[in-house]
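Here's a quick briefing on the charged side chains in this one and who they pair up with. Have a look at the model first, then read on.

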Amino acid sequence: MNETNSHAQWFSDNERNWDDRAELHMAGNYCDYQRLLEDPTAMSAELAQDIERFGDLADKDVIHLQCHVGTDTIGFARRGASRVIGLDLSEASLAHARSIAERADADVEFVHANVYDARQAVSGNFDLVYTSIGVLCWLPDIARWAQVIASLLKPGGTFFIRDDHPMFMTIGEDISGGLKIEQPYFEQDAPMTWDDESSYVDFPDAPRITHTTNHQWNHSLGQIVTALINAGLVIDELEETPRAAWCPWPELMEQDSAGGWHLREHPERLPLQFAITAHKH
């Protein structure tokens with residue numbers, strides 16, 4: 001199998017896996033989406049922590065890459081952005097996203113495309129390109145991703161990402177003997193391939209994932225930053241935090257009042273998230 005065919009197979013496997021994940025996630029109140037339907041001013045907790053960074057969004061064009069079911073995307077429309085697009089690999093996810101946005105009376109356009117094809121899939125350039133949590137691990141080539149980001153931005157436009165820290169992603173699943181580094185820190189050509197019928201959230205009686213094969217990659221923080229710089233972006237801010245959006249190790253973690261998770265003992269040992277703000281000249 002050549003590289004093109006292998007990439008196509010990896011993305012096909014991941015798309016089917018995420019179609020199934022969408023059904024699992026939406027079997028419950030995923031990301032408290034019911035609150036978005038009940039309160040016309042509400043936005044997701046994920047977006048709320050960063051929305052003030054972006055200033056006045058009136059008359060701004062925003063694209064949210066790898067948006068899943070659009071629970072974060074809605075917030076940009078509610079903040080007055082003139083054009084809001086959510087893009088995702090999974091059509092099943094987008095079907096739910098369109099339903100949620102319609103019921104929430106949020107004007108969002110959802111586009112089905114691989115993030116690497118985003119430039120061809122949408123027209124125009126954007127004042128803000130946003131992406132958040134659990135996104136980069138699904139991409140094999142961080143340099144190519146950064147080039148797509150740059151191609152979507154208007155001159156002076158802002159790029160923002162909040163994601164799981166690559167150091168966090170190196171820790172193995174079995175933590176009975178403590179935290180152990182088992183996965184690659186640096187980007188590798190070949191993916192880490194998993195066979196798993198569960199997801200990072202679960203709900204009672206939710207359907208199981210039937211397309212269980214999925215492929216993931218890690219990218220070092222240096223590789224991510226350098227890719228953005230090489231694509232022509234200026235890094236304005238880089239943050240690392242001991243707080244995560246999810247809980248892979250219930251035995252070792254506790255939840256804070258805002259819904260995030262941190263290590264119960266000595267959280268300063270391990271960065272769990274990073275956030276980058278950048279702009280295009």
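Arg264 comes out as partly exposed in this predicted model, with a relative accessibility of 39%. Its salt-bridge partner is Glu254, at 3.8 Å from N to O. That pair is one piece of a longer list, as a search of the whole structure turns up 12 salt bridges.

**The Arg264 pair**
- Glu254 is partly exposed too, at 33% relative accessibility.
- Arg264 sits in the loop between strand 10 (261-263) and strand 11 (273-280), while Glu254 belongs to strand 9 (residues 253-255), so their contact ties together parts that are 10 residues apart in sequence.

**Arg53 and its two partners**
- Arg53 makes a salt bridge with Asp50, at 2.7 Å from N to O.
- Arg53 also meets Glu239 in a salt bridge, this time at 2.9 Å, N to O.
- The Glu239 contact spans a long stretch of chain: Arg53 is in the loop between helix 3 (45-48) and strand 1 (61-65), and Glu239 is in strand 8 (residues 233-241), so the pair links parts that are 186 residues apart in sequence.

**Buried or exposed?**
- Asp50 is buried, because its relative accessible area is 0% and the cut-off for buried is under 20%.
- Arg53 is partly exposed, with a relative accessible area of 32%.

**The wider network**
- Which residues are joined through shared salt-bridge partners? Asp50, Arg53, Arg162, Glu237 and Glu239 all belong to one network.

Methods. Residues numbered from 1 in each chain as written. Predicted model: local features only at pLDDT ≥ 70, side-chain atom pairs only at ≥ 80, totals over all residues. Heavy atoms only, no water. Salt bridge = Lys/Arg side-chain N within 4 Å of Asp/Glu carboxyl O. Buried < 20%, exposed > 50% of the residue type's maximum accessible area, 1.4 Å probe, protein only. Helix = DSSP H or I, 4+ residues; strand = E, 2+ residues; numbered from the N terminus.
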